[in-house]
Amino acid sequence: MSIRSVALVTVLIAAAATGPGLVAAEQQATVSEDSLPLHADEQQVVTGETTLEPGTEMTVTIVSENSSNPFVYRREPIVQPNGTFAAQFDLSRPPANTSYNLSGYVDGDMLFNRTETIAPCDGNCTSSGVGATEQQATVSEDSLPLHADEQQVVTGETTLDPGTEMTVEIISENSSNPFLYQSEVIVQPNGTFVAQFDLSRPPANTSYELSAHVDGDTLFERTETVAQCDGNCTDTVPEIVTPEPTDDGENVVEVSQGDTTIIPVSMTDGGTKTLSIGSEATNYRINATVSDDDGDGEVTVLFDTAVAGTDGATLRVPDPDDSLTVTESEPDLSSTLAAGAYSYRMFDGQSTDGRPTVGTIVIEANGTTSEQFEVEESADFGLEETAVQVWQGETARIQIALATADAATISIGSPEDNYEINATVRDGNGDDSVALLFDTTAAGHDEPTLETAADADAVSVESGSEVALDSQLATGTYELSLYRGTEVAEGQPDTVGSLRITDVTPTSTDASSDGVDSVTGETSAAQQSQPDDFGIGAGVLAVGGALAVVGVGICLRSVMN
């Protein structure tokens with residue numbers, strides 16, 4: 001049973017049951033009856049209206065009412081300029097006729113709460129997609145009204161990825177005086193856009209429709225009037241910064257869904273840089289600063305797609321002499337980070353201002369990855385994965401299924417391995433399992449080597465069982481032996497496995513002489529490799545023409561030489 005599954009279910013069910021009451025009347029939302037019922041199918045969309053300000057981020061949750069078949073889904077739609085919202089769910093896994101609680105929140109306050117039932121799907125039950133709801137843009141009120149003058153500028157903000165091309169359009173509302181103006185704009189690194197028009201020809205007091213589009217989706221539309229110009233009405237054009245590609249021109253990081261990718265970052269200029277992965281348009285973003293503390297000209301960042309959106313460490317640096325600090329926490333996700341393309345940007349300094357190096361992380365779909373973190377039935381007593389792999393200096397996750405046992409004792413290593421530690425684990429949250437965390441850096445030293453992922457669970461290290469080390473725990477394969485009860489039995493263990501600690505020596509290419517950073521390397525295709533095989537493949541994808549980026553994607557489940 002998944003620890004994070006139970007934690008997520010517990011938190012959201014508790015929130016639904018004991019959360020704050022409905023917010024004040026000025027902040028309300030209603031669900032459109034046309035969007036119900038939701039069917040047991042992949043693309044199910046909940047729509048509605050709200051009095052919240054356009055651009056406000058809501059949270060819409062679907063929580064099972066049946067404890068024997070628990071599931072939790074969460075989406076974070078953005079309120080549209082017309083006050084509507086839309087949240088899209090995949091309900092193909094829960095069985096039909098299952099009751100669920102549909103709720104909406106903003107800043108922890110409940111907007112609506114109702115109980116519904118998943119309807120059977122007898123044919124084509126696919127709802128219209130969210131579409132532009134996931135891609136938002138709002139117009140800055142300071143840029144309006146537009147006057148009957150040559151240089152008129154429309155500015156605004158958008159959740160689209162920097163570098164995305166938008167079309168901003170002005171079309172006459174008066175058929176007797178028709179006109180159409182279009183401006184192709186590029187989303188700036190800070191998420192803004194700037195569109196410039198010459199409105200010296202249309203007469204003042206003419207109504208027009210102002211709208212923006214991307215890939216056929218309408219981001220906003222509103223009706224305005226060309227204002228009379230009584231003096232100097234020329235608008236100032238803000239500085240437009242085009243995200244700069246890295247040196248190679250075709251730079252993409254690829255990783256299989258649920259695996260970890262390695263991003264070597266050139267730090268030849270020293271100092272600190274800020275890494276931003278994702279955007280509001282993809283409903284996922286995380287920012288972090290990285291520092292080359294040992295001065296070797298590089299920081300290797302590990303991006304773990306399996307724990308993205310959970311309490312786990314999504315971003316890490318394997319080199320203990322480098323450092324990484326998350327500056328903008330990622331959103332909580334109710335499912336494994338979806339397959340798709342996620343932009344990433346690298347900025348000089350500790351902010352996301354200025355001209356970035358841009359790139360793309362392509363997460364390839366993995367059919368074995370669950371659509372959501374579901375609570376699974378308890379497994380038999382033993383190790384859920386008999387072969388566990390981890391980079392040297394990182395923390396391994398050893399999942400133990402207790403089943404009906406009150407406790408289990410695990411032995412890691414042996415005298416032949418020159419390292420050993422014994423510990424007893426107990427389940428404290430009732431999910432019949434314990435996720436044991438083994439810190440390879442702390443092993444053999446004074447810091448705690450073993451901890452549990454869930455605070456309610458417990459681990460107790462047998463006194464004097466851990467072998468002291470003078471240096472970091474060596475790479476290699478260490479035995480895992482699991483016993484029922486509270487001690488290491490003299491007979492055969494109930495389950496055996498292995499913990500493989502591997503070394504990583506990533507390389508990167510320095511930035512070009514003009515000072516532009518680059519994130520370069522080889523890209524590996526997602527694949528399954530045997531424990532002693534070297535599974536490294538290559539794949540390169542051109543994304544966004546001049547904005548594409550090269551990176552390195554290496555699955556942690558493969559072994560790098």
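A polar contact, as I use the term here, is a pair of N or O atoms within 3.5 Å, where one must be able to donate a hydrogen and the other to accept it. I start there because T310 depends on that cut-off. The backbone nitrogen of G312 lies 3.1 Å from a polar atom of the T310 side chain, and that falls within 3.5 Å. On the other side of the list, the backbone oxygen of V307 is 2.6 Å from a polar atom of the side chain of T310.

Please keep in mind throughout that this is a predicted model.

Where is T310 placed? It is in the loop between β19, residues 298-304, and β20, residues 315-316. T310 counts as buried, because its relative accessibility is 15% and the limit for that class is under 20%. T310 and L333 are 23 residues apart in sequence, while their C-alpha atoms are 6.7 Å apart in space.

Now the chain as a whole. The protein chain has 1 helix and 33 strands. Of its 561 residues, 50% count as buried. The exposed surface comes to about 25,100 Å², and carbon and sulfur atoms supply 43% of it. If we take contacts between residues at least 6 apart in sequence, 69% of them join residues at least 24 apart.

Next, the disulfides. How many does the structure hold? There are 2 disulfides. With the bonded cysteines of the protein chain numbered in sequence order, the pairing reads 1-2, 3-4.

One disulfide joins C121 to C125, with an S to S distance of 2.2 Å. The torsion about that S-S bond is about 110°, so the disulfide between C121 and C125 is right-handed. As for accessibility, C121 counts as partly exposed at 27%, and C125 counts as buried at 12%.

Another disulfide joins C229 to C233, S to S 2.1 Å. Its torsion about the S-S bond is about 110°, so the disulfide of C229 and C233 is right-handed. C229 is buried, with a relative accessible area of 19%, and C233 counts as buried at 10%.

C233 brings us to Q152. The backbone oxygen of C233 lies 2.9 Å from a polar atom of the Q152 side chain. Q152 is in strand β9, residues 152-158. Is Q152 buried or exposed? Q152 is buried, with a relative accessible area of 0%. Leaving out residues up to four places away in sequence, Q152 touches L146, H147, A195, Q196, F197, L199, C233, T234 and D235.

On to the rings. The structure holds 7 aromatic pairs. One of them is F179 with Y181, a tilted pair with 5.8 Å centre to centre and 50° between the planes. F179 counts as buried, at 11% relative accessibility.

Then there is Y284 with Y342. Their ring centres are 6.4 Å apart and their planes stand at 90°, so this pair is edge-to-face. The pair links distant parts of the chain, with Y284 in strand β18, residues 284-291, and Y342 in strand β22, residues 340-348, 58 residues apart. Y284 is buried, and so is Y342. Ring pairs also bring in F303, linking Y284, F303 and Y342 into a cluster.

There is a charge over a ring as well: R484 lies over the face of F381, at 4.4 Å from the ring centre.

Last, some backbone features to look at on the screen. Which residues does a cis peptide bond join? One such bond joins L36 and P37, with omega about 0°. P37 is in the loop between β1, residues 29-31, and β2, residues 44-50. A cis peptide bond also joins L144 and P145, again with omega about 0°. P145 lies in the loop between β8, residues 137-139, and β9. Strand β9 is where we met Q152.

Positive phi values turn up too. N205 is not a glycine, and yet its phi is positive, about 70°. N205 is in the loop between β12, residues 192-197, and β13, residues 207-214. N205 is exposed, with a relative accessible area of 61%. For A403, another residue other than glycine, phi is near 55°. A403 lies in the loop between β26, residues 395-401, and β27, residues 407-414.

Technical notes: Residues are numbered from 1 along each chain as its sequence is written. This is a predicted model: local features need pLDDT of at least 70, side-chain atom pairs count only at pLDDT 80 or more; totals for chains, interfaces and linings use all residues. Side-chain values use heavy atoms; hydrogens and water are left out. Rings of Phe, Tyr and Trp (its six-membered ring) pair if their centres lie within 6.5 Å; planes under 30 degrees apart count as stacked, over 60 as edge-to-face and the rest as tilted. Buried means under 20% relative accessible area, exposed over 50%, partly exposed in between (1.4 Å probe, protein chains only). Helices (H or I, at least four residues) and strands (E, at least two) are DSSP runs, numbered from the N terminus. A charge sits over a ring if NZ of Lys or CZ of Arg is within 6 Å of the ring centre and within 35 degrees of the ring normal. Contact means heavy atoms within 4.5 Å. Accessible areas come from the Shrake-Rupley method with a 1.4 Å probe; for residues, only the protein chains shown count as cover. A disulfide is a pair of cysteine sulfur atoms within 2.5 Å.
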